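Let us look at a structure together and ask, step by step, how each label attached to it is earned.

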Amino acid sequence: MARSSLPAFAPPLSFGGALQLHATTLPENGLRLFVLPDQSAPVVSYQTWLKVGSRDESPGKTGISHLLEHLMFLGTKRHPLGEFDRLIELAGGENNASTWTDWTQYHENVPASELDLVIALEVDRLETLGVSEAKFQSERDVVVSERRDRVEDDVDGAASELLFAMAFGRRHPYGWPTLGWMRDIQGLTRADARAYFRQHYAPNHAAIVVAGAVEPGEVLRRVHRAYRRLPPRFRPEAAWPSLGPMKKEQRRTLRFRTPTPKVLCGWRGPGYAERDHAVLFLALQILTGGRSSRLYRSLVRERELVQDVRMSVVPFEWASLADLWLSAREGKSTEEALRLADRELHALATKGPSEAELEKVKNRVELGFLGGMETAAGKAEQIGLGALVTGDPCHAFVRLDELRAVSAADVRRVVRAYLVDPPRARIDVQPSRGRA
Amino acid sequence: MSGRSEIQWVTERGVPVLLETDPALPLVDVAVILRVGALADPAGRDGTARLLARLCRSGARGQSSRAFDDAVESLGGTWSAEVGHGAMRFTGAVLAKNLAPFLELVLGSLLAPGLRHADLGEARREALADLTARQDDDRWLAARALRMHLFGSHPYARSPFGSSRSIPRIRLADLEALHAAHVGAPSILVGLAGAVDRRSAAPILERLLSRVPLHGAPVPAPPPPTLRPGRRVLFVDKPARTQAQVQIGTLGVRLRDPSFHPLVVANQAFGGSITSRLMRVVRTERGYSYAAGSRLGADVEREAFTMHAHPSLADTPACTRLMVELLEEWAQRGLGARELAQTQSYLVKSHAFERDTALKRLEPRLEAALHGLPRSFWAGFVERVRRISVPQIRAALRRAIDPSALSIVVLGTSGSSLERDLLRLPGLAELSRVEYRELAQGRIRHPADE
């Protein structure tokens, strides 16, 4: 292969003031590289973020993104089964991967001296992945086991899966589970995985994030040397499928072997990059973040109606889902708990939070943000998520500024717009005494 | 890495303070450990220490629990309590600028808790609801069953959570007595990690700890547990499962036992990571279970060594048999030279990740101090691991791990051939069964008690 010239980094971006983020794109194939030098520990976090997730699947083939993530650890022509993990551990590192709707992420956290090993292993599995039929089937069984653990035998997982299907529709890319429907997983073939890999696992759909005790120029030289030979592959740009408005509340009952009734509600929300997503996140903290939050205090402490109350909003690119989970205490009613929760939502939409309440949750959010930035892996994760989902690798700091600037009026507006006015999806979980 | 330091001192009242200064981020992790836990629960009142811990984070005298929660969270703080057999661990974090008022709140509540009847009533109902909610958590239920089955009438079988029978019996006087007897300078350890130095922390701690009682009776050590011979299966029946939770246990090791470090290395190779034997064979080769692993417990007395997996109901007998065979082979033959070298390399080189945050650097120091171990116990971990040999591991395994005396808990759904197939496990001495909801009562039928 002909020599190609080393690309230059763009002027560094400030990463929270104290650190600088260096970014570039390989001209040969469009691979993006982000390097965050951070000498606070002699370690490095190497993360490969691929812009492919369960939203890129099609009905009948759900779960293929996640299954492929598993297959990526099963060996290549150069490194047989188990060798990838063994070499990383021999180097004192740990590795794992995760898949969600919008992305798939692989990471290795290793001593800084082991960067070359990680680069070689990552490039190798992009180039020469090879999984036998027997290994494919065995790993598919492992994924089936994972699904049993997280969904079939888990009331939270089963309800959550149903909620997304109701809120987005079973044929919408955000409506099917990233794990895949059980029947789909069991029907996936090695040919499916190979085709999916060829379509999506290409450098122009990926970003490498390197954070830790490294020198940016040296990382660039090594990454360029290793990855420049990988060819780009082109695929149709993923487009947000049209989603009709939810006209009225959708309601389902889920019977499950669980000791007490539960209720799970979901509302469609803004995409992760939108400012309203940050406002909504803060509003949910006011409602359920910590023991002094409104719903925890009212429903768990004062009324003792529920044992658990949680709200969250997912960081999806196209649209999010905010959810409310109430798990009743024995002999108590979810109806009453939900009625009080609704009352609190209306109160927040009407009167908004007090200044003290707003300040309290901002402090809480700031603490969580700092905690997430303690390690090289934590920083790399924020860079990768920001780059892939919002287009801005420093989005975490943009979001922090947005959170700090949220006003009581913002909270009122967003709670009304996303949690009070629109209809929701609602699942009532009823304890089942039967065997199914 | 500038500005980092590691300091330890003792306050005038005799409370040790361990500090890890790291100014990289404006936050401080706070830990307070009390040397009293579930082993100090009065007879028949399991869960007392946990309820005391709950009330010790509910505000000082004259302050409502609501006001306490509000104040802690308004400072950008978190504060929670965890109770084990030998200790209560209060941990949290706070924005560095608010450290002083945060310490005032949490230490005030810990040293002079309100201990109000109303709060106890609420905490009791919360604890009972927690037990009910845990009926959804199959792994927790199996682990609970395993401890009861393995330890029988020994105090290590007790659940710090208490039971549906014991919690209603707990009185305010029990909490007051426990606090008065055990919360004093000799039982307290304080740890701080993050953007804080001794110059700023010492005056605050001196003031807040100036009235801490000088007494604090140590909790008597538990007797040595005994291992019953034979392999005994406890089947925990829970309807509508698609998979089983398999947990297998035997006695492990004392923390001060010379075998401890060799066994840490051996366990790492057996079930401590993605490349360990259990994961390799049970998951990667057979596809039985998404997760498979083992854990070496260690305490003042021999704690539990456990292994786990969650196969489908159909695969459960074969998976359980395989796990037992792997255990036998490991316990009898130990590790090969290549496997040991791989594990040592991992443990030595990965030590950098045990020290990449201030809190991670603090935690092993606190644990060593809690157990009265020399600082080198953890600080010298890497050197100890490097020196361990194949014969040392084999000797340690033969001395400590007995694969012929096992408690095997299988949580699954009866009605298929599952129980019948489990009877074919080699060396099986007994198979008993319990309905999963009985676990909440804190007692299972135990042949040794009859």
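Q: How many residues of chain A and of chain B take part in the contact of the two chains?
A: In this predicted model, the contact takes 54 residues from chain A and 48 residues from chain B. A residue enters such a count because its C-beta atom lies within 7 Å of the C-beta atom of a residue it is paired with. On the side of chain B that touches chain A, at least two residues each are supplied by α2, β5, α4, α9 and α11 of chain B.

Q: What makes the residues on the side of chain B that touches chain A nonpolar, polar or charged, and how do they divide?
A: The class follows from the residue type, with Asp, Glu, Lys and Arg counted as charged and Gly among the polar ones. On that basis the side of chain B that touches chain A divides into 18 nonpolar, 18 polar and twelve charged residues.

Q: How do you know what confidence the predictor has in chain B?
A: Confidence in each residue is given by pLDDT, on a scale from 0 to 100, and for chain B the mean is 94, with 98% of the residues reaching 70 or more. For the model, the scores are ipTM 0.94 and pTM 0.95.

Q: Which domains does the assignment give for chain A, and how far apart are their centres?
A: The assignment gives domain 1, residues 13-227, and domain 2, residues 250-431, and the C-alpha centres of these two domains lie 28 Å apart. The two domains of chain A also touch, since 35 residues of domain 1 are in contact with 30 residues of domain 2. The largest share of the side of domain 1 of chain A that touches domain 2, eight residues, comes from α5(A), and by class that side has 23 nonpolar, eight polar and four charged residues.

Q: Where does the domain assignment divide chain B, and what is in contact there?
A: Domain 1 of chain B covers 5-208 and domain 2 covers 231-449, and their centres, taken over C-alpha atoms, are separated by 28 Å. Here 39 residues of domain 1 are in contact with 33 residues of domain 2. In chain B, α5(B) gives twelve residues, the largest share of the side of domain 1 that touches domain 2, and this side has 16 nonpolar, twelve polar and eleven charged residues.

Q: How do you know that the span of α4(B) agrees with what is expected of a helix?
A: The helix α4(B) has 17 residues, so at 1.5 Å a residue it should span 24 Å, and because its end C-alpha atoms are 24 Å apart, the two values agree.

Q: Which residues of α4(B) are called buried, and what do they pack against?
A: The word buried asks for 20 or more other C-beta atoms within 10 Å, and in α4(B) the buried residues are B:D119, B:L120, B:A123, B:A127, B:L128, B:A129, B:L131 and B:A133. They pack against β10 and β11 of chain A, and also against α1, α2 and α6 of chain B.

Q: Why is B:L115 called partly exposed?
A: A buried residue would need 20 or more C-beta neighbours and an exposed one would have 12 or fewer; B:L115 has 18 inside 10 Å, and therefore counts as partly exposed. B:L115 is found in the loop between α3 and α4 of chain B, and its phi is positive, near 45°, in a residue other than glycine.

Q: Why is A:E304 buried, exposed or partly exposed?
A: With 14 other C-beta atoms within 10 Å, A:E304 is partly exposed, because the count lies between the 12 that still means exposed and the 20 that means buried. A:E304 lies in the loop between α10 and β10 of chain A, and has a positive phi of about 55° although it is not a glycine. In α10(A), the helix that A:E304 follows, the buried residues are A:R294, A:L295, A:Y296, A:L299 and A:V300, and they pack against α9, β10 and α11 of chain A.

Q: What makes a set of residues a nonpolar core, and which residues have the most contacts inside the largest one?
A: Such a core consists of buried residues of certain nonpolar types, joined through C-beta atoms within 7 Å. The largest has 139 residues, and B:V28, B:A145 and B:M323 have the most contacts inside it.

Key: Residues are numbered from 1 along each chain as its sequence is written. Chains are lettered from A and ligands numbered from 1 in the order in which they are written. This is a predicted model: local features need pLDDT of at least 70, side-chain atom pairs count only at pLDDT 80 or more; totals for chains, interfaces and linings use all residues. Domain bounds come from an automatic or database domain assignment. Helices (H or I, at least four residues) and strands (E, at least two) are DSSP runs, numbered from the N terminus. The expected span of a helix is 1.5 Å times one less than its number of residues.
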